[in-house]
Structure formats: structure tokens, C-alpha cells
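Work through the exercises below with the sequence and the model at hand. Each task is followed by a stepwise solution.

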Amino acid sequence: MDANLNPGDNFNIILWQFSGGNNQRWQFEAQNNGEYTIVSLHQGLVLEIPELQGEKADQPFAGVRKDTPNQRWRLVKSNGGYSIRSVFNGTALRGFEPFGSGSRVAAQPFSGSPADTWVFV
């Protein structure tokens, strides 16, 4: 998972081959209630989904920390890994095929498919 470093793309989250950059490194900060804030080591931006409806409503991005529900996540065991689900609306982060550098990540209803599963290394 990569925080696109192009500010013109609103730091959208995409899939990218691991290069070791801080925009690909994430820290999971546990909250007291089983929720997490997921923080990019690049500029301390946090993983969030928009608080809006419509065309771009499912596009996660790295934004300035506000400690709002759209910036909090739950990890749920799934398919030998975890689904990452939004506290804000229950959607799961999903990678889209073809899986590779530049592929889209979206927050969509959980389907149970491998595209909803994340493995941490």
C-alpha cells in the first residue's frame, strides 16, 4: 500500500511494488476500543476515506490527522490475513486487478474475496 506522493492526486492510496520508502511504511496506532489509526511514516499523514458521497467517496488517501471516524480502522481476520475496515462506514480496503504498481485501492463493501485481504510483513 503506497501513499501516492503527488499532491495533485490528494495523496491517494495505490498499490505499488515495495521500494522501502516511507510512503509505503505504515504504523498502526491502537486506540483503547480495538480501533486503529493507520499512520504513514511519510509526513505523519493518516489513512482516511472521504466523508462524502458520490464518485470519489471510495478513494482512500493520506490526510492530515483529525482523529475523526473516517480516519479509524478495524482489523478483521480474513482469508489468512486481515480485512481493513473503516469505522466510519464499515467498508473494506480492496486492491483492484491487475494487482501491481499503480493499481487502485478503494473502500468498498466487504466481499470476502482475496482482494479484501491484506497481509502484514
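The exercises concern a predicted model and cover backbone angles, core packing and contacts.

**Exercise 1.** Find where glutamine 43 is located, state the sign of its phi, and classify it as buried or exposed.

Solution. Step one: glutamine 43 sits in the loop that links β4 (36-40) and β5 (46-48). Step two: its phi is near 65°, a positive value in a residue that is not glycine. Most residues other than glycine have a negative phi. Step three: the relative accessibility of glutamine 43 is 58%, and exposed means over 50%, so glutamine 43 counts as exposed.

**Exercise 2.** Do the same for asparagine 79: which loop holds it, and what is its phi?

Solution. Step one: asparagine 79 belongs to the loop between β7 (73-78) and β8 (81-86). Step two: phi of asparagine 79 is near 50°, again positive in a residue other than glycine. Step three: its relative accessible area is 52%, so asparagine 79 is exposed.

**Exercise 3.** Which members of the largest nonpolar core touch the most other members?

Solution. Step one: this core has 16 residues. Step two: Ile13, Leu47, Trp73 and Leu93 touch the most other members. Step three: beyond four places in sequence, the contacts of leucine 47 include Ile13, Trp73 and Leu93, and also Asn70 and Gln71.

**Exercise 4.** Describe the surroundings of tyrosine 82.

Solution. Step one: tyrosine 82 lies in strand β8 and is partly exposed, at 30% relative accessible area. Step two: its C-alpha atom is 6.5 Å from that of valine 119, 37 residues apart along the chain. Step three: leaving aside neighbours within four places, tyrosine 82 contacts residues including Asp116, Thr117, Trp118 and Phe120.

Methods
Residues numbered from 1 in each chain as written. Predicted model: local features only at pLDDT ≥ 70, side-chain atom pairs only at ≥ 80, totals over all residues. Heavy atoms only, no water. Helix = DSSP H or I, 4+ residues; strand = E, 2+ residues; numbered from the N terminus. Buried < 20%, exposed > 50% of the residue type's maximum accessible area, 1.4 Å probe, protein only. Core = buried A, V, L, I, M, F, W, Y, C linked by side-chain atoms within 4.5 Å. Contact = heavy atoms within 4.5 Å.
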